[in-house]
Amino acid sequence: RFTVPRPQNDTPHPGQPPAMSYVWGKNAFLCYVAPRPALKSITFASTFSWNQAPGSMNGRLVEVWRENTRKADIVRVQRYYDQKLIAAEAVYVWKNSVA
């Protein structure tokens with residue numbers, strides 16, 4: 001599977017014109033991620049989700065309420081997850097690989 005991450009960040013101080021830059025910089029990563037999680041499997045990283053959190057459905061808790069002073073409906077979403085580096089040897093990094 002080949003993925004090209006494209007997230008950008010607006011870096012200037014408030015009041016200055018936008019200055020977009022890539023979050024990942026000019027680096028390239030070659031990493032192995034197992035197609036399915038398994039014990040004793042080699043994979044670069046994994047996301048673990050707590051699906052049995054009290055009051056949640058599939059690891060997500062959604063709260064909705066009305067704030068009349070702001071004339072708005074507020075929606076708050078919480079996710080119960082953790083991202084862990086499993087095998088640092090399963091990634092190769094090229095620094096400044098993009099012109």
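This passage describes selected side-chain contacts, aromatic pairs, salt bridges and surface features of a model that is predicted.

Two residues in loops illustrate how a side chain can be placed against the rest of the chain. Thr-43 is located in the loop that runs between strand β3, covering residues 28-31, and strand β4, covering residues 45-49. With a relative accessibility of 6%, Thr-43 counts as buried, because the term applies to values under 20%. A polar atom of the side chain of Thr-43 lies 3.1 Å from the backbone nitrogen of Ala-34. When the neighbours within four places in sequence are left aside, the residues in contact with Thr-43 are Tyr-32, Val-33 and Ala-34, together with Ile-86, Ala-87 and Ala-90.

Ser-56, in turn, is found in the loop between β4 and β5, and its relative accessible area of 14% places Ser-56 in the buried class. The side chain of Ser-56 reaches a backbone atom, the oxygen of Ala-53, at 2.8 Å. Leaving aside the neighbours within four places in sequence, Ser-56 is in contact with Asn-51, Leu-61 and Tyr-80.

Tyr-80 also takes part in an aromatic pair. The count of aromatic pairs in the model comes to two. In one of them, the ring centres of Trp-50 and Tyr-80 are 5.7 Å apart and the ring planes stand at 85 degrees, so the arrangement is edge-to-face. Trp-50 belongs to the loop between β4 and β5 (60-67), whereas Tyr-80 belongs to the loop between β6 (72-79) and β7 (81-85), so this pair ties together parts of the chain that are 30 residues apart in sequence. Both rings belong to residues that are partly exposed, Trp-50 having a relative accessibility of 48% and Tyr-80 a relative accessible area of 24%. Tyr-92 and Trp-94 also form a pair, with ring centres 4.9 Å apart and planes at 75 degrees, so that this pair, too, is edge-to-face. Trp-94 counts as partly exposed, at 40% relative accessibility.

Charged side chains provide a further set of links, and the count of salt bridges comes to four. Among them is the bridge in which the side chains of Glu-63 and Arg-76 meet, with an N to O distance of 2.7 Å. This pair links distant parts of the chain, since Glu-63 lies in strand β5 and Arg-76 in strand β6, 13 residues apart. Glu-63 is partly exposed at 28% relative accessibility, and Arg-76 is likewise partly exposed, at 41%.

Another of the salt bridges joins Asp-73 to Arg-66, where the closest N and O atoms are 3.2 Å apart. Asp-73 is exposed, having a relative accessible area of 54%, while Arg-66, at 46% relative accessibility, counts as partly exposed. The side chains of Arg-70 and Glu-67 meet in a salt bridge as well, at 3.5 Å from N to O. Here Arg-70 is exposed, with a relative accessible area of 57%, whereas Glu-67 is partly exposed, with a relative accessibility of 23%.

Backbone geometry draws attention to two further loop residues. Asn-58, which is found in the loop between β4 and β5, has a positive phi of about 55 degrees although it is not a glycine. At 57% relative accessibility, Asn-58 counts as exposed, in contrast to Ser-56, which lies in the loop between β4 and β5 and is buried. Lys-71, placed in the loop between β5 and β6, is another residue other than glycine with a positive phi, the value being near 55 degrees. Lys-71 is exposed, with a relative accessibility of 70%.

Finally, a nonpolar patch appears on the surface, formed by Val-23, Trp-24, Phe-29 and Val-93, which together have about 370 Å² of accessible area. One of these residues, Trp-24, is found in the loop between β2 (20-22) and β3. Trp-24 counts as partly exposed because its relative accessibility of 43% falls between the limits of 20% and 50%.

Key. Residues are numbered from 1 along each chain as its sequence is written. This is a predicted model: local features need pLDDT of at least 70, side-chain atom pairs count only at pLDDT 80 or more; totals for chains, interfaces and linings use all residues. Side-chain values use heavy atoms; hydrogens and water are left out. Helices (H or I, at least four residues) and strands (E, at least two) are DSSP runs, numbered from the N terminus. Buried means under 20% relative accessible area, exposed over 50%, partly exposed in between (1.4 Å probe, protein chains only). A polar contact is a pair of N or O atoms within 3.5 Å; within protein, one must be able to donate a hydrogen and the other to accept it, and residues adjacent in sequence count only if both atoms are side-chain atoms. Contact means heavy atoms within 4.5 Å. Patches are made of residues with over 30% relative accessible area and no salt bridge: like charges are joined within 9 Å, nonpolar side chains (Val, Leu, Ile, Met, Phe, Trp, Tyr) within 5 Å. Accessible areas come from the Shrake-Rupley method with a 1.4 Å probe; for residues, only the protein chains shown count as cover. Rings of Phe, Tyr and Trp (its six-membered ring) pair if their centres lie within 6.5 Å; planes under 30 degrees apart count as stacked, over 60 as edge-to-face and the rest as tilted.
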